[in-house]
Amino acid sequence: MSENIHIRAEFIIEKDNVEQYKLLIREMSNFVEINEPSTLLYQFYLNGDGTKCMVHETYVDSNAVLSHNYSTASKTILPRIFNIAKLNTIDVYGNPSNELK
């Protein structure tokens, strides 16, 4: 069985914050791509009017998720995302370690 961890997070964005959200989620995605080699996939998809965003993340294992959670991006960009968007749902797939749970 693979140790990969897959995460699907859905954000709800108010119409007034759509453009700012797009800037922040792109910044987050670029940071992860450049600085987190244990992140296999970090993609986001917006609905037609930009008020819903689905983020898909795949990590090599639980330790990679924990590293992401403690990364500079998660400490600096993610709080700004949470200021303008609501995390509606988050699903974790795979076999997360006890520490990740």
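Tutor: A crossing of two helices is called left-handed if the near helix is turned anticlockwise from the far one by less than a right angle, and right-handed if clockwise. The model under discussion is predicted: local features require pLDDT of at least 70 and side-chain atom pairs pLDDT 80 or more, while totals for chains, interfaces and linings use all residues. Residues are numbered from 1 along each chain as its sequence is written, and side-chain values rest on heavy atoms, with hydrogens and water left out.

Student: In what order do the four strands of the open sheet stand?

Tutor: Strands (E, at least two residues) and helices (H or I, at least four) are DSSP runs numbered from the N terminus, and two strands pair if DSSP finds at least two bridges between them. Strand β1 (residues 5–13) pairs with β3 (residues 52–59) over eight bridges, and eight bridges also join β1 to β4 (residues 85–93). Seven bridges join β2 to β3. With antiparallel pairing, the order is therefore β2-β3-β1-β4.

Student: Which are the edge strands, each pairing on one side only?

Tutor: In the open sheet, the order of the strands is β2-β3-β1-β4. The strands that pair on one side only are β2 (39–46) and β4.

Student: By what angle are neighbouring strands of this sheet turned against each other on average?

Tutor: Angles run from 0 to 180 degrees between N-to-C directions, and axes are lines fitted to C-alpha atoms, for helices over the stretch in contact. With direction ignored, the average turn between neighbouring strands of this sheet is 15°.

Student: Which residue of β3 stands opposite Phe11?

Tutor: Strands of a sheet pair through backbone hydrogen bonds, either parallel or antiparallel. Along β1, Arg8 faces His56 of β3, and Glu10 has Met54 of β3 as its bridge partner. On the other pairing of β1, Ile7 stands opposite Val92 in β4. The residue of β3 opposite Phe11 is Cys53.

Student: Why are α1 and α3 described as roughly antiparallel or roughly parallel?

Tutor: Angles under 35 degrees count as roughly parallel, over 145 as roughly antiparallel, 65 to 115 as roughly perpendicular and the rest as oblique. The axes of α1 (residues 18–35) and α3 (residues 72–84) come within 10 Å and cross at roughly 160°. The two helices are therefore roughly antiparallel.

Student: How many nonpolar residues does the contact of α1 with α3 have?

Tutor: The crossing of these helices is left-handed. Contact means heavy atoms within 4.5 Å, and the residues making it include Leu24, Ile25 and Met28 of α1 and Ile77, Leu78 and Ile81 of α3. Ala, Val, Leu, Ile, Met, Phe, Trp, Tyr, Cys and Pro count as nonpolar, Asp, Glu, Lys and Arg as charged, and the others, Gly among them, as polar. Besides three polar and two charged residues, the number of nonpolar residues in the contact of α1 with α3 is 10.

Student: Is Ile25 buried or exposed?

Tutor: Ile25 lies in helix α1 and touches Tyr42, Phe44, Val55 and Ile81, residues up to four places away in sequence not being counted. Within the sheet, Phe44 has Val55 of β3 as its bridge partner. Buried means under 20% relative accessible area, exposed over 50%, and partly exposed in between (1.4 Å probe, protein chains only). Because the relative accessible area of Ile25 is 2%, Ile25 is buried.
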